[in-house]
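Student: I would like to take a close look at a single part of this model rather than survey the whole chain. Could you walk me through one helix in a connected way?

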Amino acid sequence: MVRKKTDEEEGELEEREEKKDKKSKKEKYIDAEKLLDEYIEEVEIGLGLSHLKLGKDLFKEIIKEPFISAVGQVKSKPKPKTIINRLNSSKDVLMEYVAAKLVRLVELSKLTDDQLEFLVFYSGRAVVDLAPALYREVTRRGRTDLLDNLRYNWNLYGIKSPAKCPKCGFEAVMPDYSCKICGYVLSSKELKDSINLIPQLEEMVRYDAEGLKEIISSGYLYYNSAGPIPPSRFKPKEMEIYYEIVLNGQEKSLLSKVYNTHHP
Ligand SMILES: [Zn+2]
């Protein structure tokens with residue numbers, strides 16, 4: 001309770017405070033960082049992170065901020081269970097935070113296998129930046145069992161491309177035909193094979209013969225997640241991955257044949 005004290009009361013208070021020093025300390029806000037030192041093991045177990053064996057100092061550094069905000073400004077000491085429940089109430093966000101923090105504090109090559117695995121599972125939105133390095137580290141260690149998970153996260157949060165890289169299997173082929181994950185640069189043929197281009201263009205004669213005709217005569221096309229696009233109709237959208245693809249003589253004559261069969 002806050003109210004102005006008279007001088008008399010003040011004097012009385014000081015006296016009392018001296019006598020009951022312990023009681024007056026209870027009136028102050030709890031020091032959350034000190035509380036973390038006390039609860040650290042319980043918190044690590046409660047969040048299901050003890051198998052990562054981060055060690056006290058590293059774990060403290062990682063969990064400090066979320067822990068402090070989970071404690072909040074309180075005057076009475078919360079039980080570990082209360083804080084753990086608060087932290088666990090948005091577990092996905094917290095795990096993503098822990099992963100981001102871990103990667104900032106420890107080099108990938110120095111992580112244990114369990115810690116690396118944790119990053120693969122929980123990197124969330126950070127996968128956009130982390131995936132190439134995680135891919136390198138995972139393959140270096142021969143933990144190819146983790147690649148499916150990394151691919152899954154890439155497709156969920158990364159820059160998913162219409163073409164799949166023939167080398168690493170990630171849908172991460174950029175407009176310049178380079179793979180964002182493994183760095184491989186696809187040849188024109190590999191890109192065409194990856195998106196199954198020629199059969200798609202053959203199919204186009206049935207639903208968009210005019211478009212196909214334009215592609216054959218101009219000798220090139222654009223391609224995005226919606227499929228092949230004749231040059232005159234292509235309008236690039238921001239953040240969209242598309243490819244400019246040039247047809248070779250053989251492909252052009254094959255497609256001309258298909259077109260002429262349907263439009264004699
Ligand atoms: Zn690749």
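Tutor: What follows is a reading of one helix, α3, with a short look at the core afterwards. Please keep in mind throughout that this is a predicted model.

Helix α3 covers residues 32–46, and although it has 15 residues, its end C-alpha atoms are only 17 Å apart, which falls short of the 21 Å that a straight helix would reach at 1.5 Å a residue. Alongside that short span, α3 has a kink of about 70°, and the kink is centred on Tyr 39. Tyr 39 is also one of the buried residues of this helix, the others being Ala 32, Val 43 and Glu 44. In an α-helix there are 3.6 residues a turn, so residues three or four places apart point the same way. The buried residues of α3 pack against two other helices, α4 (56–71) and α5 (80–88). Just after α3 ends, the backbone at Gly 48 takes a positive phi of about 70°.

To set this helix in a wider context, it helps to turn to the largest nonpolar core, which has 54 residues, and in which Ile 83, Leu 119, Ala 131, Leu 134, Leu 150 and Ile 181 touch the most other members. That core draws at least three residues from each of domain 1 (26–89) and domain 2 (196–262). Taking Ala 131 as an example, and leaving aside residues up to four places away in sequence, its contacts are Leu 150, Trp 154, Gly 158 and Ile 181.

Note on methods
Residues are numbered from 1 along each chain as its sequence is written. This is a predicted model: local features need pLDDT of at least 70, side-chain atom pairs count only at pLDDT 80 or more; totals for chains, interfaces and linings use all residues. A nonpolar core is a set of buried Ala, Val, Leu, Ile, Met, Phe, Trp, Tyr and Cys residues joined through C-beta atoms within 7 Å. A residue is buried if 20 or more other C-beta atoms lie within 10 Å of its own, exposed if 12 or fewer, and partly exposed in between; C-beta atoms are placed from the backbone. Domain bounds come from an automatic or database domain assignment. Two residues are in contact if their C-beta atoms, placed from the backbone, lie within 7 Å. Helices (H or I, at least four residues) and strands (E, at least two) are DSSP runs, numbered from the N terminus. The expected span of a helix is 1.5 Å times one less than its number of residues. The bend at a residue is the angle between axes fitted to the seven residues ending there and the seven starting there.
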